Every structure is written in C-alpha cells, then in structure tokens.
Amino acid sequence: MWVFPVYWMVNSSFQTSATISGLTPTWLPTSGSWTNYRAVFSDSTFSGALGMSLAVTGIALVVCLVFAFLGALAVSRFRFRGRKSFVLAVILVQMLPAEAMFIAQYKMISGLGLLNSIAGVSIIYIAMVVPFTLWMLRGFVAGVPADLEEAAMMDGCTRFGAFMRVTFPLLAPGLVASGVYAYLQVWNEFALASVILTSDQSETLPLWLRNFAQPSSLGMIEWGQVMAGSTLVAIPVIVFFMIVQGRMTSGLVGGAVKG
C-alpha cells in the first residue's frame, strides 16, 4: 500500500502525458525517456526553490535539535520550579491546530519584515517542530541513568566531560531519530510556507511543485513532468533516511525501552 504509489510516481515520470492518460496502464516504462526530467531542470524557478528548501531545512534542523536537546536535558536532569507546567505546556502546544495560528504568525513575521525570507520561514518551522522534538528527546534522556555521569565524575571527569564522554554517545541514536522527524516535517511542509512565502521568487519545493502543476497554455496538466518533479522532491528525503536509518532504528528502539 505504501510502496506502490511511490513506484507509480516514478513510473509515470518517464512517460508522456498521452501514455499516462491512456486507458491501458503502462506498468513498466520500457519506452520511457528523460524528457520530463529535462523539463523540470529547465524550469527557471526549480534551482531557487531547491536552494530555499535546503537552506530552510538545514537551519531549522540544526537550531531545533539544539534547543530541543537542551530543553530535554533541563526537564529530565534538573528539578526547578515550573518544570511540570513547562512539560504540560509543551503537550498543549501540540494540541493546537496549526491553522489557528496562521494569522498571528503572519502578522508577527510581517512586523519583523521577514516575509519571503529564509529567516522568517525558518523561525516558524523551528517553533513548529521544537515542542514534539523536545518531548521525544526527553524520553531518550530519561532512559540514560544519571548514575553513569556521577560515576564518571567520581573518576575525575568534570560534569561537562562526563556528559560528552558518557551520556552524549548514548543519546546520539535518539538525536538521529528526532532529527529525521524534524527533517520530514520541515522538508514537506506546505501550508505555513504558502502563508509566509507569497513571492514566486521565494518558494520552497512544495510551493514550486504546486505552481509547476498548473495547467499549460493548452489547458492541460503535464502529469509526467509533475511526477518527475515529485520524484526529485522525494529523493533528498530518501537519501537522508538511507544514511541515518541504522541509527534511527536503534534510536527508536532505545527510546521505547527503559532500563
């Protein structure tokens, strides 16, 4: 159920619009060509959208993991006034529908003069993915006993040294698993980007794909080109997942088991 739509997308990307709209489905692109992919690369806005998505995703991913990781350490390792209220607030934020905050977010970013900019959409994405990422990392941090750090400190390590040498390597799979979630959320996000990025010169790949899928001058949608564009949008996600899937698997299992 999950693999076939992906296969059909890739299969259709090598076919002409006439073949795709035909009554007899073509299961294998034996007579396919790279014409649709050449049409995508020849689109003048594709490279700009690709650069925009890479920049926004990279900034949001790094900043999100830093803030979420520090927040997870704070709520898991330290006792302070308002800790439970903070954790509850993180959960409540996740319950709010994103659409309910669009107007406020737009006015905030507009007031800062950051509409149609990498900084503006990155701020919104960071705020979007930090709460759940923090909650997810909190489980990983809580699963590593604080006694390990205390034992290292008794052997002569400083608190920071004990954390970096003992705790951080154990949390690396959890960081990868949380990072994959944040990466997927930001890379594929469409609704918020359509509100903040209103200029054709400042659009992420999902917005570019929407505009690219508009009917041509003949009133027809070139579905082969749309499928080629969709395939190219999906490739970075697949490559990133293949690189980190080993650590992601161990991270998800580690987050589910408490020793």
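**Buried, paired and packed: a guided look**

Guide: Let us begin at Ser 122, which is found in helix α7. A helix here is a DSSP run of H or I with at least four residues, a strand is a run of E with at least two, and the numbering starts from the N terminus. This is a predicted model, in which local features need pLDDT of at least 70 and side-chain atom pairs count only at pLDDT 80 or more, while totals for chains, interfaces and linings use all residues. Residues are numbered from 1 along each chain as its sequence is written, and side-chain values use heavy atoms, with hydrogens and water left out.

Visitor: Why is Ser 122 called buried?

Guide: Buried means under 20% relative accessible area, exposed means over 50%, and partly exposed is in between (1.4 Å probe, protein chains only). Ser 122 has a relative accessible area of 2%, so it counts as buried.

Visitor: Which residues is Ser 122 in contact with, leaving aside its neighbours within four places in sequence?

Guide: They are Val 56 and Ile 59. Contact means heavy atoms within 4.5 Å.

Visitor: What makes Glu 149 and Arg 77 a salt bridge?

Guide: The rule asks for a side-chain nitrogen of Lys or Arg within 4 Å of a carboxyl oxygen of Asp or Glu. For Glu 149 and Arg 77, the N to O distance is 3.3 Å, so the definition is met. Side chains of opposite charge can pair when their charged atoms come close. The structure holds one salt bridge. This pair links distant parts of the chain, with Glu 149 in helix α8 (residues 146-154) and Arg 77 in helix α4, 72 residues apart.

Visitor: How do you know whether Glu 149 is buried or exposed?

Guide: Its relative accessibility is 8%, so Glu 149 counts as buried. Its partner Arg 77, at 22%, counts as partly exposed.

Visitor: And what makes Thr 167 buried?

Guide: Thr 167 sits in helix α9 (residues 159-187), and its relative accessibility is 0%, so it counts as buried. Neighbours within four places in sequence aside, Thr 167 is in contact with Arg 77, Val 144, Glu 149 and Ala 162. Both members of the salt bridge, Glu 149 and Arg 77, are thus among the contacts of Thr 167.

Visitor: How do you know that the span of helix α5 agrees with what is expected?

Guide: The expected span is 1.5 Å times one less than the number of residues. Helix α5 (residues 83-95) has 13 residues and should span 18 Å; its end C-alpha atoms are 19 Å apart, which agrees.

Visitor: Which residues of α5 are buried?

Guide: Arg 83, Val 87 and Val 90 are. They cover an arc of only 50° around the axis (taken from the directions from the helix axis to the C-beta atoms), so they lie on the same side of α5. These buried residues pack against α4 (46-77) and α7 (118-142). The face turned away from the buried side carries the exposed residues Lys 84, Ser 85 and Met 95.

Visitor: Why is Leu 28 called exposed?

Guide: Leu 28 has 56% relative accessibility, so it counts as exposed. It lies in the loop between α2 (17-20) and α3 (35-42).

Visitor: How many helices and strands are there in the protein?

Guide: There are twelve helices and zero strands. Of the 259 residues, 38% are buried.
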